[in-house]
Amino acid sequence: MKRILVCAFTALLCAGSIAAQQRPTAFINARIIPIAGPPIEQGILLIQNGKIAAVGDARTVRLSSDVVTVDMAGKTIMPGLIDTHSHIGSPAGADGSGPIQPDVRILDSVNAEAVSFQRAQAGGITTVNVMPGSGYLNSGQTLYLKLRDDAIKIDDLLIYDKDGKYMGGIKFANGTNPIRSGGGAFPGTRAKSAALVRDQFIKAREYREKVKAAGNDKTKLPPRDLGMETLGEVLDGKRVVHFHTHRHDDILTALRLQKEFGFRIVLQHVSEAWKVADEIAKAKAPASIIMIDAPGGKLETMEVDFKNGAALEKAGALTGFHTDDGITDSRWFLRSGGMAMRAGMSRDKVLYGFTMAGAIMLDMQDRIGSLEPGKDADFIVLSGDPLSVYTKVLQTWVEGKKVFDRTDPKDYLIAVGGKGATDENDLNADHLHCVDGDEGGNE
Amino acid sequence: MKRTISLRAISLLATVAFLMQAAFGQLAVKGDTVWTMTGEPITNGVVLIRDGKIERVGTAAQVQIPAGYRTVTAKVITPGLIDAHTVIGLNGYLNQPHDQMALDASGTFQPELRATDAYDPEERLVEWVRGYGVTTIHTGHQPSALSPGQTMLAKTWGKTVEDATLVPTAMVAVVLGQAANAGAGRSPGTRGKQAAMLRAELIKAQENLAKKEPPKDLRSEIMMRVAKGDVRLLVTAHKVQDIMTALRLAKEFNLKMVLDGASEAPLIVNEIKAAGIPVIVHATMARAGGDTASLSLETAAKLKAAGIPVALQSGYEGYVPKTRIILFEAAMAAANGLGVRDALATVTIDAAKILGLDTRIGSIAQGKDADIALYDGDPFEFATHCTGTIINGQLVSEIVR
């Protein structure tokens with residue numbers, strides 16, 4: 001009986017909070033960086049039902065009588081950050097059985113309860129592309145996730161497209177990570193890596209032709225092959241290829257494959273982008289960059305440089321950012337932009353990179369990436385300038401709900417660390433290995 | 001004939017004088033803000049450098065720049081940064097077997113390994129951190145074995161290890177916790193065994209000290225220096241039980257010790273303070289997990305607030321980034337409770353004190369080594385650049401980084 005009462009009470013509370021969400025909420029007196037336009041001083045962000053209702057100031061935004069106002073004087077509001085490449089939730093994709101495994105879905109792997117999701121919320125990230133590792137030419141399908149609160153199962157984080165399908169891309173990699181000296185099914189050289197990928201795409205084309213030729217005659221269909229079906233989606237432009245690539249020649253190989261097979265690509269890492277920025281821009285390939293504090297760590301990042309952002313901007317390439325978490329920590333994702341600015345990238349393009357550029361790369365430019373009416377109410381509240389070391393993420397909001405609040409002791413612990421802030425097994429050598437290394441030990 | 005010789009001698013002398021002048025070209029450094037770390041920062045300050053040492057410090061009104069001094073200007077000037085624990089120079093940036101010299105896997109207890117025999121002063125990472133204002137490093141064997149070897153103190157400038165070295169044997173590195181386990185059925189395999197092995201080595205050293213003719217092998221020699229308190233133990237320990245083991249050993253054997261890493265130190269500040277042991281705190285942005293699960297952006301701030309001497313380190317990295325930059329780690333600590341002044345102290349004067357070099361480096365004061373870093377703004381801001389680095393009075397880096 002008592003239990004039923006508690007349940008009823010909880011239900012009431014929930015109903016209450018849903019009702020409260022229905023009332024419009026106005027965040028007032030903030031410095032608002034909408035990305036879609038110039039910053040607004042003394043700005044107002046109006047949200048309702050998880051969406052942005054209006055963005056402007058006292059002259060342009062009319063507040064209804066039932067509005068809940070939240071004073072954000074002295075604070076800065078900008079869109080939630082988009083991380084185009086992360087490994088939070090301990091995803092594991094392909095296994096050691098082969099270099100190309102497009103049938104593997106990390107949907108079946110991610111731990112939605114992992115504390116790493118909370119760390120990303122603490123860093124102001126609201127949308128993330130969670131990917132399997134790079135120790136394979138193709139390690140499986142990726143997931144685009146919203147960092148909603150209190151997730152238990154992966155379904156709680158999924159994003160659905162207009163056809164009702166959960167969204168995600170596919171991970172490819174070249175360079176040294178997929179190369180294994182032991183031979184077997186894995187490539188031993190860069191040329192072999194490219195050949196193996198070509199082979200699979202040619203097969204996928206043939207598979208797709210057979211399916212088309214069969215038409216409505218089910219007896220003529222080829223045996224179902226999940227990997228071929230997935231690569232078919234890639235060939236049809238329905239699934240974006242997120243291509244891990246570091247060295248300048250590997251970047252060009254990725255672009256060559258893209259041109260040959262016409263798939264849609266987002267270049268990830270591009271450590272030597274500064275050498276081939278014009279080629280990247282000419283290919284109209286979006287590039288997502290990472291900021292690493294020192295060169296090296298492995299041979300193909302000997303010449304990684306903070307100036308990649310500036311070089312790509314100058315060349316005119318669409319440039320975003322990623323954490324590659326655990327390589328860099330989601331909690332200080334904004335720092336990457338600060339370092340890119342240090343090396344000459346413009347403030348505007350840095351902020352655009354964290355938001356709209358990421359949204360475009362994940363096919364969600366109509367839903368996220370800027371503060372505009374009709375878009376998801378995904379935003380962050382900052383204590384100051386987004387690109388200052390002293391600025392803190394104070395709050396993170398996803399679809400109109402606050403998912404991180406620095407004044408909440410539990411959230412504070414996640415943000416700064418300390419006893420109980422992390423699962424002791426959250427990060428170990430294996431994890432780092434699966435992030436960006438391989439199992440062949442040729443980093 | 002005589003005349004020729006004397007002419008030659010004169011010309012030789014002139015050449016030497018010229019070279020001296022070039023090497024120690026007298027320098028004046030002007031800064032809008034000069035963090036001397038001996039008091040309040042000076043606004044519109046001038047630092048005169050003569051023959052590699054700091055000659056005078058004061059405001060522009062107080063200090064006239066003598067004729068013949070080259071003048072360098074910057075918005076902000078700090079003492080050259082000190083990285084209180086790193087492995088650069090031993091572990092190279094390529095991360096390939098041939099350039100990873102900070103761990104020998106053949107033994108778990110090798111305090112006789114000298115960092116100076118492995119240090120490459122021209123390694124890329126040494127140049128890399130120098131470009132961010134780092135002028136002195138405490139470097140050595142990586143914390144991945146019970147005793148991986150010795151550490152050394154070096155300037156980040158010099159062609160040979162002899163040129164760069166300040167102190168060839170600074171400390172003997174010891175590790176407690178998961179990272180000290182040898183694995184694969186070898187000892188140590190547990191925390192208890194780690195302590196037992198250390199006790200056995202220290203008892204042996206004490207007995208050797210009492211001998212009329214102590215053994216001369218390298219291990220006995222260095223362990224006797226440790227047991228005598230001539231050389232300090234640098235004990236990497238993160239969890240409370242490991243830190244407490246370190247303090248217990250220090251007391252049992254009357255050891256001179258510096259704690260390293262120390263993720264959970266904020267939980268036992270009273271014990272650490274009572275032991276009088278300084279702490280070289282983990283890199284602020286180090287990854288949390290395993291023994292370091294409890295590390296925090298605020299570790300340094302909490303220890304400092306408790307009155308424990310604290311320095312910061314870039315630490316050891318096995319992958320990317322192959323080294324962290326002490327400037328950036330201090331910046332993050334500054335923004336997380338430590339504040340700008342104290343954060344600067346952890347990478348300058350406080351680090352110098354813990355490393356025993358504060359009479360020579362760590363502040364901008366008359367008579368000290370002219371090691372100075374130049375910045376075009378708040379050194380800790382993301383978008384600020386290091387515009388120059390001076391070591392021993394020489395402008396060794398002018399890269400804007």
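Reader: How many salt bridges does the rule count over all chains?
Author: A salt bridge here is a side-chain nitrogen of Lys or Arg within 4 Å of a carboxyl oxygen of Asp or Glu. Side chains of opposite charge can pair when their charged atoms come close. By this rule, the count over all chains is 46.

Reader: What kind of model is this, and what limits apply?
Author: Residues are numbered from 1 along each chain as its sequence is written, chains are lettered from A and ligands numbered from 1 in the order in which they are written, and side-chain values use heavy atoms, with hydrogens and water left out. Local features need pLDDT of at least 70, side-chain atom pairs count only at pLDDT 80 or more, totals for chains, interfaces and linings use all residues, and the model is predicted.

Reader: Which residue forms a salt bridge with Asp57(A), and is that partner buried or exposed?
Author: Buried means under 20% relative accessible area, exposed over 50%, and partly exposed in between (1.4 Å probe, protein chains only). Asp57(A) has 13% relative accessibility, so it counts as buried. Its partner has 75%, so that residue counts as exposed. The closest N and O atoms are 2.8 Å apart, and the partner is Arg59(A).

Reader: How far apart are the closest N and O atoms of Glu229(A) and Arg224(A)?
Author: Glu229(A) is partly exposed, because its relative accessibility is 27%. Arg224(A) is exposed, with a relative accessible area of 66%. The two form a salt bridge, and the closest N and O atoms lie at 2.7 Å.

Reader: Which residue forms a salt bridge with Asp369(B)?
Author: Asp369(B) is buried, because its relative accessibility is 2%. Its partner is partly exposed at 34%. The closest N and O atoms are 2.5 Å apart, and the partner is Lys53(B).

Reader: How many residues apart are Asp369(B) and Lys53(B)?
Author: Helices (H or I, at least four residues) and strands (E, at least two) are DSSP runs, numbered from the N terminus. Asp369(B) sits in the loop between α10 (349-355) and β13 (372-375) of chain B, and Lys53(B) in strand β3 (residues 53-59) of chain B. The pair links distant parts of the chain, and the separation is 316 residues.

Reader: Which side chains meet in a salt bridge between chain A and chain B?
Author: Across this interface the rule finds one salt bridge. The N to O distance is 3.1 Å, and the side chains are those of Lys419(A) and Glu264(B).

Reader: What area is buried between chain A and chain B?
Author: Contact means heavy atoms within 4.5 Å. On that basis, 39 residues of chain A are in contact with 45 residues of chain B. Buried area is the accessible area (1.4 Å probe) that two parts lose on being put together, summed over both. Carbon and sulfur atoms give 59% of it, and the total is about 3900 Å².

Reader: Which residues in chain A lose the most area to chain B?
Author: Three residues together account for 20% of what that side buries. They are Arg342(A), Val389(A) and Tyr390(A).

Reader: Which residues touch the most other members of the largest nonpolar core?
Author: A nonpolar core is a set of buried Ala, Val, Leu, Ile, Met, Phe, Trp, Tyr and Cys residues joined through side-chain atoms within 4.5 Å. The largest one holds 182 residues, and the two are Leu267(A) and Ile280(A).

Reader: Which helix gives the most to this core?
Author: The helix spans residues 326-346 and gives 13 residues. It is α9 of chain B.

Reader: In what order do the three strands of the open sheet in chain A stand?
Author: Two strands pair if DSSP finds at least two bridges between them. The edge strands are β6 (81-86) and β9 (143-146) of chain A, each pairing on one side only. The pairing is mixed, and the order is β6-β7-β9.

Reader: Which residue in β9(A) stands opposite Val130(A)?
Author: Strand β7 (residues 125-130) of chain A runs antiparallel to β9(A), joined by four bridges. The residue opposite Val130(A) is Leu143(A).

Reader: Is Thr86(B) buried or exposed?
Author: Thr86(B) is found in strand β5 (residues 81-86) of chain B. Among the residues that it touches are Ile137(B), His138(B) and Thr323(B). Its relative accessible area is 1%, so Thr86(B) is buried.

Conventions
Lists of a residue's contacts leave out its neighbours within four places in sequence.
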